[in-house]
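This briefing goes through selected local features of one protein model. It is grouped by topic, from backbone geometry to strands and pockets.

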Amino acid sequence: MLFTAMSDGRFDIGGRETRCALGKGGVIAAADKREGDGCSPLGVWPIRRVLYRPDKMPPPATALPIQALTPTDGWCDAPGDPNYNRPVTLPYPASAEALWRDDKVYDFILVLAHNDDPVIPLMGSAIFLHVARPNWEPTEGCVALQAWDVLELIVKAGPGSAVSIVDVNPHPYLDAMEHMDEVRRGRPPRPTLNVLPPRAK
């Protein structure tokens, strides 16, 4: 089954639409994704496995591979490290994100198959689907849903399921066509703003 995250904040869970949060930098072509840019990579990303907090809940019912988190679980985000974009045990000598958190964001984690076969340094790490913050704060590049939506997805997903991240915003070509249409109809084109240098004192 394919689940779709859209750049305008909509998410399709097998025919039901809900809300999602994406990267604070927006969406970007996967080939242009870089570590720390805050962008969600466009593309279709198979779901590798589900991680969950066993101290908060029993294992959710799913046909996906599933694994309980532990307090020492981390994920390496140091591009020069041999374990870049791989799970590691904390403490770890290189930079690594803790997966056992005080908030609810990583109560469920769906590990997405971004930059993992092969792993390429600097092309991005720890692209997950996880629980959204209460205020829908943008992510560091992940996809985030409300907890009950994550659970619904986990139940519906099975081997071969994937999350697609798509850009539904207007394309520059369409913007240009709209501009031509405005001129053809006799409407004034959108103004061009010229930024003037500061005046000498």
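Asn115 sits in the loop between β10 and β11. Its phi is positive, at about 50°, although Asn115 is not a glycine. The model is a predicted one, and the points below cover its unusual backbone geometry, two groups of paired strands and two pockets.

**Backbone geometry in the loops**

- Most residues other than glycine have a negative phi, and most peptide bonds are trans.
- Asn115 has a relative accessible area of 9%, which is under the 20% limit, so Asn115 counts as buried.
- Leu122 also has a positive phi without being a glycine, here of about 75°.
- The loop between β10 and β11 holds Leu122, as it does Asn115.
- Leu122 is partly exposed because its relative accessible area of 47% falls between the 20% and 50% limits.
- The loop between β10 and β11 also contains Pro118, and the peptide bond that leads from Asp117 into Pro118 is cis, with omega near 5°.
- Another cis peptide bond links Leu90 to Pro91, with omega at about -5°.
- Pro91 belongs to the loop between β8 and β9.

**Strand β10 and its partners**

- Strands of a sheet pair through backbone hydrogen bonds, either parallel or antiparallel.
- Strand β10 covers residues 108-112, and 5 of the 5 are buried, so the strand is largely enclosed by the rest of the structure.
- In a regular strand the side chains alternate between the two faces of the sheet.
- In β10, one side carries Phe108, Leu110 and Leu112 and the other carries Ile109 and Val111; all of these are buried, and both faces of the strand are covered.
- Strand β5 (residues 40-52) is antiparallel to β10, and 5 bridges connect the two.
- Within that pairing, Ile47 has Leu112 of β10 as its bridge partner.
- β10 also pairs with β11 in the antiparallel sense, over 3 bridges.
- Val111 is bridged to Phe128 of β11, while Leu110 stands opposite Leu129 in β11.

**Strand β11 and His130**

- What is the sense of the pairing between β11 and strand β12? The two strands are parallel, and 3 bridges hold the pairing, with β12 made of residues 143-145.
- The bridge partner of His130 in β12 is Ala144.
- His130 is itself part of strand β11, which runs over residues 128-131.
- Is His130 buried or exposed? His130 is buried, because its relative accessibility of 4% is under 20%.
- Leaving aside residues up to four places away in sequence, His130 touches Val105, Tyr106, Phe108, Thr139, Cys142, Val143, Ala144, Leu145 and Val150.
- Among these contacts of His130 are Phe108 and Ala144; Phe108 is one of the buried residues of β10, and Ala144 is the bridge partner already named.

**The sheet of β7, β8 and β9**

- An open sheet has 3 strands in the order β8-β7-β9, and the pairing is antiparallel.
- β8 (87-89) and β9 (96-98) are at the edges with a single partner strand each, so one side of each has no neighbour in the sheet.
- From one strand to the next, the twist averages 45°.
- Strand β7 (residues 73-76) makes 3 bridges to β8, in the antiparallel sense.
- One of the residues involved is Gly74, whose bridge partner in β8 is Val88.

**Pockets**

- Rolling a probe the size of a water molecule over the atoms shows where empty space is left.
- The largest pocket has a volume of about 300 Å³.
- Its lining has 20 residues, and Glu97, Ser125, Ala126, Glu140 and Cys142 are the closest to its centre.
- Sorted by class, the lining of the largest pocket comprises 9 charged, 6 polar and 5 nonpolar residues.
- The second largest pocket holds about 240 Å³ of space.
- Which of its 13 lining residues are the closest to the centre of the second largest pocket? They are Val131, Ala132, Arg133, Pro134 and Ala147.
- The lining of the second largest pocket divides into 8 nonpolar, 4 charged and 1 polar.
- Cys142 takes part in two of the features above: Cys142 is in contact with His130 and is among the residues closest to the centre of the largest pocket.

Note on methods:
Residues numbered from 1 in each chain as written. Predicted model: local features only at pLDDT ≥ 70, side-chain atom pairs only at ≥ 80, totals over all residues. Heavy atoms only, no water. 1 Å grid on protein atoms, 1.4 Å probe; cavity = no way out; pocket = protein on both sides within 12 Å on 5 of 7 lines; lining within 4 Å. Points joined across faces, edges and corners; volume = space filled by probe spheres on them. Nonpolar A, V, L, I, M, F, W, Y, C, P; charged D, E, K, R; others polar. Pairing = 2+ DSSP bridges. Helix = DSSP H or I, 4+ residues; strand = E, 2+ residues; numbered from the N terminus. Axes fitted to C-alpha atoms, helices over the stretch in contact; angles between N-to-C directions. Buried < 20%, exposed > 50% of the residue type's maximum accessible area, 1.4 Å probe, protein only. Contact = heavy atoms within 4.5 Å.
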